[in-house]
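Open the model in your viewer and keep the sequence panel in sight. Each stop below says what to select and what is there.

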Amino acid sequence: MQMIPRNPRNGIYPATDDYVHAMEVSGAARFLFVSGTMGLDPEGKAPDSLEEQLSLIWSNIRRIFAEANMTTDNIVRLTSYLRDASYAEANQNVRIAALGNRRIPTTAIVAETLVPEWLVEIEVVAAA
């Protein structure tokens, strides 16, 4: 499988350092579509802090990927749903740390979550 970031530099606004405009995927045999994943512990409880929830979200995503014999290196698209716009920077920083040097197409949306205690929800598309 090959993943090629597509980041045109002319005729479009520039992408920032934390994402690319598009990811071309060729030769993929499998796709994994991950539902919105929350920062919940194994008992389904959300910790109070944004940082703890973001840490749990990425732990949960890695666990889901392990079940499919994938890693975060397989992510080709990510959408974050933030309960409050002030969470954007923390969400971005944790995403960058989770992905290392990889940059992927990503969108962050401010939305009311189904349960007020859920501060962030992330859905992912991966390919292998």
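How many strands form the open sheet, and in what order? Select E3, E6, E4 and E5: these 4 strands form an open sheet in the order E3-E6-E4-E5, with mixed pairing. Helices (H or I, at least four residues) and strands (E, at least two) are DSSP runs, numbered from the N terminus, and two strands pair if DSSP finds at least two bridges between them. E3 and E5 are the edge strands, each pairing on one side only. On average, neighbouring strands of this sheet are turned by 10 degrees against each other, direction ignored. Axes here are lines fitted to C-alpha atoms, for helices over the stretch in contact, and angles run from 0 to 180 degrees between N-to-C directions.

This is a predicted model, in which local features need pLDDT of at least 70 and side-chain atom pairs count only at pLDDT 80 or more, while totals for chains, interfaces and linings use all residues. Residues are numbered from 1 along each chain as its sequence is written, and side-chain values use heavy atoms, with hydrogens and water left out.

Next, select H1. This helix packs on the sheet and touches E3, E4 and E6 (contact means heavy atoms within 4.5 Å). The direction of H1 makes about 25 degrees with that of E6. Then select H2, which lies across E4, E5 and E6 and runs at about 155 degrees to E4.

Now show E4 alone, residues 75–82. Is E4 largely enclosed or open? 6 of its 8 residues are buried (under 20% relative accessible area, where exposed is over 50% and partly exposed in between, with a 1.4 Å probe and protein chains only), so E4 is largely enclosed by the rest of the structure. Add E6: the two strands pair in the antiparallel sense over 7 bridges. One bridge partner in E6 is Glu121, which belongs to Tyr81. On E5, residues 106–110, 5 bridges join a strand that runs parallel to E4. Leu82 stands opposite Val110 there. From E4 the chain crosses through H2 (residues 88–99) to E5, and this β-α-β crossover is right-handed (with the strands pointing away from the viewer, the path from the first strand over the helix to the second runs clockwise).

Stay in E4 and pick Ser80. At 1% relative accessibility, Ser80 counts as buried. Its bridge partner in E6 is Ile122. The side chains of Ser80 and Asn91 are joined by a polar contact of 3.0 Å. Such a contact is a pair of N or O atoms within 3.5 Å; within protein, one must be able to donate a hydrogen and the other to accept it, and residues adjacent in sequence count only if both atoms are side-chain atoms.

For the interior, select Trp58, Phe65, Val120, Ile122 and Val124. Of the 24 residues in the largest nonpolar core, these touch the most other members. Such a core is a set of buried Ala, Val, Leu, Ile, Met, Phe, Trp, Tyr and Cys residues joined through side-chain atoms within 4.5 Å. H1 gives the largest share of this core, 6 residues. Leaving out residues up to four places away in sequence, Phe65 touches residues including Leu32, Met70, Ile75 and Val124.

Finish with two loops. Asn69 is in the loop between H1 and E4 and is exposed, at 67% relative accessible area. Its phi is near 55 degrees, a positive value in a residue other than glycine. Gly27, in the loop between E2 and E3, is exposed at 68%.
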